[in-house]
Amino acid sequence: MMESLVYIALFAPFASSMFSALFGMSPRQTFVGIVASMLLFISFVASATLAYHVYHTGASIHVTMMEWISAGDLTIPFGFIVDQVSVTMMTVVTLVSTVVHIYSIGYMDHDKSFNRFFSYLSAFVFSMMILVMSDNFAGLFIGWEGVGVCSWLLIGFWYHKADVTREENPSISPSWAANEAFIMNRIADLGMLIGLFILYWNVGSLQYDVVFSALPQLSGTILNAAAVALFIGAMGKSAQFPLHTWLTDAMEGPTPVSALIHAATMVTAGVFLVVRANPLFSMTPEISYFIAALGTFVAFFAASMALVNRDLKRIIAFSTLSQLGYMFAAAGLGAYWIALFHLAAHAFFKALLFLGAGNVMHAMHDELDIFKMGGLKKTMKWTYIYMGVASLALAGIPFFAGFFSKDAIIETAFNEGTLVLWAILVVTAGMTAFYSFRQVFLTFEGDERYKAFGIHPHEMYKFVLVAMSPLAILAVIAGFGMGSFEHFVTKLLPEYHMSEHTHHIAWLLGLVVLAFAVSGIILAYKKYAKKLVRDEKVENSFIYKLLANQYYIPNLYEEFISKPYAMISEHMWKDVDMKIVDATVDGIAKLLYKSGDGSRKMQTGNLSNYLNWMAVGGVLLLVVAALSAMLG
Amino acid sequence: MYEIVAFYLFSVLTIGLFLVTVMSKNVLYAMTALASGMVLISGFFFILGADFLGVVQLIVYVGAVMALYSFAMMFFDATRDIKEKNTNAGLVFLLGGLSALVLVLMFAAPIHSDAIQALYPMHEGAGNAQDVGIVLFTKYLVPFEVAAVMLLVAMIAGIILAGKKMDQSLTEDTSADDEIMTLKDAK
Amino acid sequence: MDNILSVLVFFPAIAGLLGFVVDKESARAYGITVAAIEFLLSLWLWFSFDTANAGMQFVELIPLIPDFGVTYYLGVDGISLFIIIMATLMTLIGMMSMSITENVKNMIVTLLFLEMTMVGVFVALDAIIFYLFWELSLVPMLYIIGAWGGPLRVYASIKFFLYTFTGSLIMLVGMLFVAYVYHNLTGVWSFAITDWYALVLPVNYQLWLFAAFFLGFAIKVPMFPFHTWLPYAHGQAPTIGSVILAAVLLKMGTYGFVRFSLPMFPDASVMMITPIAVLSIIMVIYTAMVAYAQKDMKQVIAYSSVSHMGIIMLGIFAMNAEGIGGSVFQMLSHGIVSGALFMLVGVIYDRRHTKMMDEFGGLASVMPKYAVIFGIMLMAAVGLPLTIGFVGEFLVLLGFYQVSPIMTVLAGTSIIIGAIYMLAVYKKSFFGPVTNEANKTLKDLDAKETWSLIPLVLIVVWLGVYPKPVLAPIDHSVKAMLTFMDEKAITHGAKDMIKEAKSTKEVK
Amino acid sequence: MIGLTHYLVVSALIFSIGLVGVLRRRNLLMLFFATEVMLNAVNIAFAAISHYYNDLTGQMFAFFVIAIAASEVAVGLGILIVLYKRYGSLDLDDLANMRG
């Protein structure tokens, strides 16, 4: 019974994808979206049932479908495991996907590639399910690459748009952004592959249980190498510095895609990997500390860029990046279940935030510049409420989901004695509150700047708003499940307890964070709630420009990686391949031709000359014979 | 003793005569020298006890071959000096000299091998002709017959090649011959 | 059917001869029928193949020149079986999708003759027979490039012929020398490869012979720096020529390494791991970069072919079952995928008579079906899991990791730079707005093209998801070969290498 | 006493003279003469070796050489006549029409 539920949860999205693909090239059909959403809902129900089952019995379900690759000593099955960790991911993924699917019926209403969109979206969910459910690293890698491809397809969904300059659109074009995302992920995937190789050759298997039980026997170097390699993989998928640029460019995709893939699910795969491989990472404290430090850095780094950005979706993308940093910080510090909890909570409110942004875009005819919006609360009351709730959750205001999870992470940083990380995370929390509400206020409050552009905004369809409600509710209440969640997942993940000391001053720590968050909101309110006042001096300052241009990192990548690569390739072809390698071959051929041409002159047609040559040859032979007789 | 005298005499004469053959501009001189040289070579054969070979040499070379040459020469204008651009003398004598030197060196070197044994030894008492006959008609019968056939073929070939249009003169009035005309034109 | 292999080899040739008397209009149908029968025969071979048996099967042995040990000796094992099936399949698919209109009859006859030589190479177990088919395969390909090729066809075909011919002549010398050594040791002449396997050669002999065989095979593969004939050949060849060339003819080189070099010269092979790996890595990275610089779509695929062959070479010299098995599997995968990609380039060439990517752009909106299939093949080419391309590449890299982690990382960059040039092609040709007027009215794939490509798509997915039916027999034969090599190796270094690379470290 | 070496040396010298002739002359007829000289030189060597090793094989070879020389002359002269008929010359420089 439970086994078939596993398959239903896994293959319902696949069925949905195939069904939509059937109509991929035909004109828009609403029922395609409906069927796809229903199949996704079935998958959600199956996942939820499995979650309930696992919660109650505490046992995990392990199925093996068939053998995939078997060569030499290597055997990789298609095996799936439903345990506390994966079932959490499954539920989150299918829930958000179902909402996003329904949302897309409304959002993609006017798009002629409606059916194709659903095909890709469901394919993505399928890959994600493989990723989280697999019982071995190779299966994880299938999902890992699968989501990469779906992300490529979906970012480049509007492939027909032309490339423009970076000044006009920082992501150049959807297809450019899609390729960037795919290639950057591939760089990380190489690391991941190497990690798999290290594990295989030292353990002899890629199954989680075999690998984890064999870890204590491995030397420190091997463990460190494996941890580093796997984390490189995680860095790519979760867009950690320096592989982070693709995530903001990925906003070129349709907004539901950003909500599902680039906020709630795919980008958290890196965190999932670290959580999944916690036995490995908890044995490599240096690497784990590096993960935490990098996560903290990215949290701050991304938040700083979000402060000044004007693009509605990019702000949310930066905040995603920042929150991923929080998750890595937690995971790196050993609080795996807190990382997973923040992952789930974040998925709800961030998806909600993105979908809200989608509503705004829909209303504003794809305008994304928040400086051109303002005062939308009149026409878009529900969207305002949703985005407000999501932002409150993101900012970590008490009793919203983010409060519990983020606070726990910051507390962990304190508890581990890493006060620098703690301080940065606290400051970042304040920045998070500021930029979230800067965005909300600029969009919904203040003067109605959009009128100058002749836009007539309207609220999203009712059913879409209803579909979004589960996320809104979860964004509010998810935090209250923290206790039972801890109880649930720590059956698999290591428990994490605050020390006595931390426990005692927890309220004080919480208050500090809250103070930063509230002051961030107040600052945003003061600056942006009434009307937009632009300060030329600030906008022309070096720091502002640096932040607005993402520290010029994309430009640096282009100048120092893409362009040189193209140039070297050109040289390799035109100079090395054509002028050296091929010319050498042709040179040999020419030499033969030349020597033939030269010796053609010997062919005088005069017998006498031939006789002379013959005599020369004969005498030479004689001399050789004589010499060899003499010497031999 | 007489053998030494004969050997040196023949040697000097043949070398001289052949030199004349090779260097002379006049075909008649050359041919005469060649024929005389051949005769002297048969002398070598007689000294060496190869009587039969010597006789064959006289008959075939001096008799038949030289006769053929003389007849052939009737077709050409033999009285004229031959005008030809001889190959660069330096090269010729370098190659000739070198080959002579090397060959002489090789032949003058002592032969060390004891493994050389007579395959068909000569019999004491039996005449040379007898010996030759026995070997030729037993061991070398097939080659001998083949050689005979070859000679026959060569004879027929010679007749056919040379005999075509024998009725026409080669030296006079060739313009009458169409074939020659066309060939000359072609050339 | 006891002589199934002879039938497989000579059926296409005889049918090709008969093809001369077939009517011009029906030549194409005739060719497809023959190729289909041949393909079914090869499938039959697979079904009657005993997967549990790692040795040679369906062996046929008829002495030809007993005095010199030349025998008509055929057989298949797990390594060659699937390459044969792929050869017959690609010939069939190539013929089905063929768009040539002039001299169709000659083309059909040539292709059938080529099919004979291709199958012959992979079933031959006698070096002379192998060499015979090896060289004969040049002739039809020369004719195909020379007669139906582009403007530079004469240059390209002569380059192709002379280049590969030079290599194989040196290989022939090597073969004769092996036979001579065999004669010296045993007193009898034999050219049978299985007899040669038993020959334990001193290391210096092995090295020289390895070098001789290496030249023959490496030029065919083609390994860097012997690869420059390939872009010309592909650039000038008609679509069908490129398909066969990339899918099957290149595999002869890598197959040769597996069939000859490894089992015959195990010590030399182990000694040459590093140099060959270095060459392969240069080949992988360098040609991938060159591919990125290309403006001509077909040249990109041609260079990418070289790059992928580098991965195959690397796997062969991993000296373990994962690597070699992966390599053989990658041969099949590369055959199918690059064959399909060349066919796809042919499709657009037929419509626009150009292969320059700047002429295109936005094709995805004009030709959606074409874009989908191209996309699938592209993803298979960059080694996406659950496509055929992943299995081989993964196993090769996995296997070679045991030999050298650093070199594996370098070779592994192929998954990055492979993605770079492939995605660049896709973006330049399929994405963006349709700017060129001529592209606005392009027709999508017609029935003929669709139905020749669909089977390939199915195979790509099938063998990506469930490679076991193919991988298991390959694995069997490869393992048997490795055991044999280990026993035969005379130097300790080689023995250790082959052993060590074979098994994962025991967990203490 | 005259030994084998003496004969061989004479033979070598005569052979070299023949070689000089072959190299030097352009007239076909004279070339034939030079060839005859070379053949005779070889015959001397054969006969001498036959004598000194007491073996008839050398003489046998000399016979066959003579036979071949005879047929060569027969055919060769025939060809010369044909050539002369066609080109009116026996000079090789005039006959050089196979220039590459």
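**Exercise 1. State how many helices and strands chain A contains, and how its residues are packed.**

Step 1. Chain A holds 26 helices and two strands, where helices (H or I, at least four residues) and strands (E, at least two) are DSSP runs numbered from the N terminus. This is a predicted model, in which local features need pLDDT of at least 70, side-chain atom pairs count only at pLDDT 80 or more, and totals for chains, interfaces and linings use all residues. Residues are numbered from 1 along each chain as its sequence is written, while chains are lettered from A and ligands numbered from 1 in the order in which they are written.

Step 2. Of the 632 residues in chain A, 57% are buried, that is, 20 or more other C-beta atoms, placed from the backbone, lie within 10 Å of the residue's own.

**Exercise 2. Describe how strand 1 and strand 2 of chain A are joined.**

Step 1. Strand 1 (residues 61-71) and strand 2 (residues 74-82) of chain A run antiparallel and are joined by nine bridges; pairing requires that DSSP find at least two bridges.

Step 2. A:Glu67 has A:Pro77 in strand 2 as its bridge partner.

Step 3. The two strands form a hairpin with two residues between them, and A:Gly72 in the turn has a positive phi of about 60 degrees.

**Exercise 3. Characterise the contact of chain B with chain D.**

Step 1. Chain B contributes 71 residues and chain D 63 residues, contact meaning C-beta atoms, placed from the backbone, within 7 Å.

Step 2. On the side of chain B that touches chain D, 56 residues are nonpolar, 11 polar and four charged. Here Ala, Val, Leu, Ile, Met, Phe, Trp, Tyr, Cys and Pro count as nonpolar, Asp, Glu, Lys and Arg as charged, and the others, Gly among them, as polar.

How values were computed: A residue is buried if 20 or more other C-beta atoms lie within 10 Å of its own, exposed if 12 or fewer, and partly exposed in between; C-beta atoms are placed from the backbone. Two residues are in contact if their C-beta atoms, placed from the backbone, lie within 7 Å.
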